[in-house]
Amino acid sequence: MELGSARENLILQRTIMALNDPKTPRKRTAKNAALPLPDQVALVLQGGGALGSYQAGVFESLADTGVEIDWVAGISIGAVNAALIAGNPPEKRVEALRAFWNIVTSRLPSFPMWHNDQLREFIHEWSAGFVATFGVPGFFSPRPTPPTLAAPGSCEALSFYDSSALAGTLNDLVDWDLLNSGPMRFSVGAVEIESGNFHYFDNRSERIDARHVMASGALPPGLPPVEIDGKYYWDGGLVSNTPLTHVLDNQSGDLLVFQIDLFPASHEMPRTIMDVMAREKEIRFSSRTRQVSDELLKLRKEREAIRAVLDKLPPELAEDADVKILAAMAHESAVNVVQLIYRATAWEGGARDYEFSARAMAEHWAAGREAVQGTISKAGLLATNILDGKTAAFDLTPR
């Protein structure tokens with residue numbers, strides 16, 4: 001949804017007036033922006049490997065704006081970022097994110113760069129090849145013996161890389177007691193291998209540790225499955241790369257969701273085989289995100305129509321048992337979903353999710369900050385829906 005600057009300014013002015021009106025229902029307000037916050041604000045983080053530094057930039061900018069997050073949910077690298085956020089006090093969250101991303105990109109420095117897309121693409125692919133060969137510090141490393149030569153059934157036979165280093169990194173940077181007992185809700189998704197069922201680990205129902213985060217990011221055949229209570233798990237992105245459904249199914253009161261997607265659903269037609277690899281990955285990891293958002297709006301419209309009909313019934317029918325059941329089914333709180341989607345540069349191909357270089361990390365981080373700044377500039381549009389209790393989904397990321 002796009003608005004002209006004059007209309008945006010008018011909406012913003014009306015929003016500020018509404019916030020100052022004593023008749024307006026009291027809501028929290030972001031400290032540094034004219035944006036009222038509903039009962040609950042959730043940060044939903046998609047999987048995407050090295051692109052996850054975009055999410056870190058988004059969070060840093062949201063924190064600067066004064067948007068308080070009540071619930072953080074993630075898949076894969078989104079689960080790692082979520083743990084770093086929920087497992088640290090507010091004043092140390094960005095510091096923890098920065099520490100993690102500095103560690104995992106420390107092996108590939110920020111090389112001098114020329115403004116040439118072909119050269120940048122070559123360095124990008126070379127950096128990704130370096131990672132594939134030597135691994136990522138504090139994250140994963142190649143196994144000395146190929147899995148094809150390992151004993152069947154052993155951990156070494158089930159993946160090309162060893163991810164045990166990630167457990168140490170997480171334990172150094174995450175306060176698990178705070179994550180489990182603090183005010184922020186935390187959820188990560190993974191797939192149980194034998195049943196194929198998707199499962200959410202949630203600090204409101206069980207104690208979370210490094211295993212649950214690593215299970216959410218155990219993408220085969222690169223990374224090994226993670227055992228938790230006798231069951232083995234793989235990356236949640238195999239089933240759904242976004243935890244939005246879990247958040248919507250368990251919301252309490254009006255909800256504002258910042259959904260940070262690392263792969264766009266739509267893009268231009270591929271021109272080269274590298275474009276094909278990149279586009280295939282975008283479609284595979286973004287499809288469920290788009291499906292969930294579309295289904296959300298469809299169901300909301302249907303329930304809104306049901307409520308409109310129920311409001312027209314005469315008083316004597318309002319107490320009918322069947323009417324009450326239907327009214328309860330149609331009742332819902334408002335949801336506003338703000339989608340911030342990383343848009344790849346011309347030189348980023350199918351290897352963008354495992355190109356862990358310092359330069360790429362810094363660029364993704366900066367892009368995340370810019371995305372939030374562009375969104376907050378449209379605070380009036382979001383505020384109008386929040387104050388009116390409406391449901392809507394917005395893609396406010398510049399294309």
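# Exercises on a predicted protein model

The accessible surface of the protein comes to about 18800 Å², and 56% of this surface belongs to carbon and sulfur atoms; areas follow the Shrake-Rupley method with a 1.4 Å probe, and for residues only the protein chains shown count as cover. The model is predicted: local features need pLDDT of at least 70, side-chain atom pairs count only at pLDDT 80 or more, and totals for chains, interfaces and linings use all residues. Residues are numbered from 1 along each chain as its sequence is written, and side-chain values use heavy atoms, with hydrogens and water left out.

## Exercise 1. Overall composition

Task: State how many helices and strands the protein has, and what percentage of its residues is buried.

Solution. Step 1: secondary structure is taken from DSSP runs, numbered from the N terminus, with helices being H or I of at least four residues and strands E of at least two. The protein has 14 helices and 13 strands.

Step 2: a residue is buried under 20% relative accessible area, exposed over 50%, and partly exposed in between (1.4 Å probe, protein chains only). Of the 399 residues, 50% are buried.

Step 3: contact means heavy atoms within 4.5 Å. Among contacts with a separation of 6 or more, 73% are between residues 24 or more positions apart.

## Exercise 2. Helix 3 and the nonpolar cores

Task: Identify the helix that gives the most to the largest nonpolar core, and describe the surroundings of F186.

Solution. Step 1: a nonpolar core is a set of buried Ala, Val, Leu, Ile, Met, Phe, Trp, Tyr and Cys residues joined through side-chain atoms within 4.5 Å. The largest one has 76 residues, and L43 and F186 have the most contacts inside it.

Step 2: helix 3 (residues 77–86) gives the most to this core, with 8 residues. In this helix 10 of the 10 residues are buried, so helix 3 is largely enclosed by the rest of the structure. The buried residues of helix 3 include N81 and G78.

Step 3: leaving aside neighbours within four places in sequence, F186 is in contact with residues including A79, A82, A83 and A86. Other contacts of F186 include W71, L179, F201 and N203.

Step 4: a second, separate core has 13 residues, among them L244, V247, L248 and L255.

## Exercise 3. Two buried positions

Task: Locate G87 and N180, and list what each contacts beyond four places in sequence.

Solution. Step 1: G87 is in the loop between helix 3 and helix 4 (93–104). G87 counts as buried because its relative accessibility is 0%.

Step 2: the contacts of G87 outside four places in sequence are L173, V174, D175, L178 and L179. The C-alpha atoms of G87 and D177 are separated by 7.8 Å, although these residues are 90 residues apart along the chain.

Step 3: N180 belongs to helix 7 (residues 176–181). With a relative accessible area of 13%, N180 is buried. Not counting residues up to four places away in sequence, N180 touches N203, E206, R207 and I208.

## Exercise 4. Salt bridges

Task: Give the number of salt bridges, then examine the pairs R369 with E60 and K298 with E302.

Solution. Step 1: a salt bridge is a side-chain nitrogen of Lys or Arg within 4 Å of a carboxyl oxygen of Asp or Glu. By this rule there are 9 salt bridges.

Step 2: R369 and E60 form a salt bridge whose closest N and O atoms are 3.2 Å apart. This pair links distant parts of the chain, with R369 in helix 13 (residues 358–376) and E60 in helix 2 (residues 53–65), 309 residues apart. R369 is partly exposed at 23%, whereas E60 is buried at 15%. A network of salt bridges links E60, D64 and R369.

Step 3: in the bridge of K298 with E302, the closest N and O atoms are 2.8 Å apart. Both residues lie in helix 10, 4 residues apart, about one turn of the helix. An α-helix has 3.6 residues a turn, so residues three or four places apart point the same way. K298 is partly exposed at 45% relative accessible area, and E302 is partly exposed at 36%.
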